[in-house]
Structure formats: structure tokens, C-alpha cells
Amino acid sequence: MSAKTPPKCPPEGDHLLLAKIKQAIGPAYLAHGVTPEGHLCVMVQADKIREVASAVKSMGFDHVLSLSAIDYMAEKKFVVTYIFASYLSPELKGQLLHVRTEIPRDNPKIASIADIFPSADYEERECHEMFGIWFEGNTHMGKRFLLDPDCCIDEKTGKPLYPLRKDFKVPDWGLMG
């Protein structure tokens, strides 16, 4: 039995930031929804992620609270999710902006936004180690960050394995008796 894959974007709904976001990100906008918690979620074009990050920064979002991915293995895609927040803007306090984009699973690359939002650096590095997503422009790509240097290496090929991909097989380390 496999787990049900979550929707890529929550159901559409009205949100007070929607018009401003659409205006700020322009043609990068693809779709939107509102999370059950009331946060705006926008789907954007992957090749526009740097422009989107710059636009939301100009609006007053001052950090990346979270960055992760979901493996849609059957569709051969990853959905990369950025959650932007603000400590400083009174208008944006309490608002979490979810920005999602799809990238191909067989060539998982997307531009880094760590130079725009330094708080994205560790998140990109973690996402790389766990999913194998390459954040182009992040100078730490390919280096171990969280995992032990000897962990998750294919013994036959010497290539890294990514533990949060759905096709990752937990090795038998003989720990279960």
C-alpha cells in the first residue's frame, strides 16, 4: 500500500495578498491556493524562481522559513516548496507565503536563491542531500552537510543516494538482529 500523494497546490481561494503577489511576480505566476491554515500558496515557473524570490523580498518578506521538496515519483517530478515570512513588515507579520514549483525528477536542478535570502542556504543544502536537487549557484552543492560522509553511497557505483526520495531503499546495516 502506498501513501496518497498530496496535492501540489491547495484549493483555490481568496487571500488578501493575492493581487499584490500576482502583480509582483507577473508572468511567473501559474496558479494559487490557500492552505487550511489560511496561507497563500502560489505555483510559479521554475525558471523564474530567482525573479519570484526578488519580488517577494521587495514586498517585505525577509527570510525563507522553510524549503523542502515532495517527490512525485509517478509523475517524474519534484515540487520544491519555499515558505517566505517576515519579521519586520507589520503588514506581513503572521503571513506565510508558500511558493511552489515543479522540476523534473531526472534532472533535478533549480537556481539557488541563497544570495537573495541567505536563510535559504542551509535549506538548499539539506534539500540537496535528501532529494538530490541541485541548486545552481549555491557553492555548497555536492558537499556533505547533515549526513555522515559514508552514509547513503551506492556501494556498486559510488554515487550518492538520497534518503527522502520515494525509491530510496533503506540498506540492511544489520542493526535489526
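Reader: How many bridges join β2 to β5?
Author: This is a predicted model: local features need pLDDT of at least 70, side-chain atom pairs count only at pLDDT 80 or more, and totals for chains, interfaces and linings use all residues. Residues are numbered from 1 along each chain as its sequence is written, and side-chain values use heavy atoms, leaving out hydrogens and water. Strands (E, at least two residues) and helices (H or I, at least four) are DSSP runs numbered from the N terminus. β2 and β5 run parallel, and the bridges that join them number three.

Reader: Which residue of β5 is the bridge partner of V42?
Author: V42 belongs to β2, where it stands opposite H32. In β5, its bridge partner is V99.

Reader: Which strands stand at the edges of the sheet?
Author: Five strands form an open, mixed sheet in the order β1-β2-β5-β4-β3; two strands pair if DSSP finds at least two bridges between them. Each edge strand has a single partner, so one side is left without a neighbour in the sheet. The edge strands are β1 and β3.

Reader: What angle does the direction of α3 make with that of β3?
Author: From one strand to the next, the twist averages 20°. α3 packs on this sheet and touches β3 and β4. Axes are lines fitted to C-alpha atoms, for helices over the stretch in contact, and angles run from 0 to 180 degrees between N-to-C directions. The α3 direction makes with that of β3 an angle of about 15°.

Reader: Why are L18, I21 and I25 on the same side of α1?
Author: These three residues of α1 (18-25) are buried, meaning under 20% relative accessible area with a 1.4 Å probe, protein chains only; exposed means over 50%. They share a side because, taking directions from the helix axis to the C-beta atoms, they cover an arc of only 65°. On the other side, the exposed residues are A19 and Q23.

Reader: Which element gives the largest share of the largest nonpolar core?
Author: A nonpolar core is a set of buried Ala, Val, Leu, Ile, Met, Phe, Trp, Tyr and Cys residues joined through side-chain atoms within 4.5 Å. This one has 40 residues, and Y82, F84 and I133 touch the most other members. The largest share is five residues, from α2.

Reader: In the hairpin of β1 and β2, which residue takes a positive phi?
Author: β1 and β2 run antiparallel, joined by five bridges. Five residues lie between the strands. The residue with a positive phi, near 90°, is G38.

How values were computed. Contact = heavy atoms within 4.5 Å.
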